[in-house]
Amino acid sequence: AKAALTGFILSARAAGARLVLVITGKGRQGVDDHAPHRKGVLRHAVPTWLRQGALAGVVLQVTPAHRSDGGTGAFYVYLRRMR
């Protein structure tokens, strides 16, 4: 998922995009005996991934999406201008 996110963000920036919507989902509801980690793994990991590595200099800001765009299961990712 991290590699796909990185590729998506870099290609969006190369295409001149300044804002993208990243949909992570909200995570599973209820009890899951097979998942030793907290619910919504991508929802918690994506903002961290966007601030590290190759994306650190590309991403300007990450904010939760509006309810109509996915609410807590999505993020607006603002990208820096290409220079």
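## Surface and interior

How much accessible surface does the protein have, and what share of it belongs to carbon and sulfur atoms? In this predicted model, the accessible surface comes to about 5600 Å², and carbon and sulfur atoms hold 55% of that area.

Now let's look inside. The protein has 83 residues, and 33% of them count as buried.

## The building blocks

The protein is built with two helices and three strands. If you walk along the chain from the N terminus, you meet these elements in the order α-β-α-β-β.

Contacts also link distant parts of the chain. Among contacts with a separation of 6 or more, 54% are between residues that lie 24 or more positions apart.

## The sheet

The three strands come together as an open sheet with antiparallel pairing, and their order is 1-3-2. Strand 1 (19–23) and strand 2 (59–64) are the edge strands, each pairing on one side only. From one strand to the next, the twist averages 25 degrees.

Let's zoom in on one pair. Strand 1 and strand 3 (residues 74–79) run antiparallel and are joined by five bridges. To see this pairing in the structure, find Val 22: the residue opposite, in strand 3, is Phe 75.

## Helices across the sheet

Where do the helices fit in? Helix 1 (residues 2–14) lies across strand 1, strand 2 and strand 3, and its direction makes an angle of about 160 degrees with strand 1.

Helix 2 (residues 41–50) lies across strand 1, strand 2 and strand 3 as well, running at about 5 degrees to strand 3.

Technical notes. Residues are numbered from 1 along each chain as its sequence is written. This is a predicted model: local features need pLDDT of at least 70, side-chain atom pairs count only at pLDDT 80 or more; totals for chains, interfaces and linings use all residues. Side-chain values use heavy atoms; hydrogens and water are left out. Helices (H or I, at least four residues) and strands (E, at least two) are DSSP runs, numbered from the N terminus. Buried means under 20% relative accessible area, exposed over 50%, partly exposed in between (1.4 Å probe, protein chains only). Contact means heavy atoms within 4.5 Å. Accessible areas come from the Shrake-Rupley method with a 1.4 Å probe; for residues, only the protein chains shown count as cover. Two strands pair if DSSP finds at least two bridges between them. Axes are lines fitted to C-alpha atoms, for helices over the stretch in contact, and angles run from 0 to 180 degrees between N-to-C directions.
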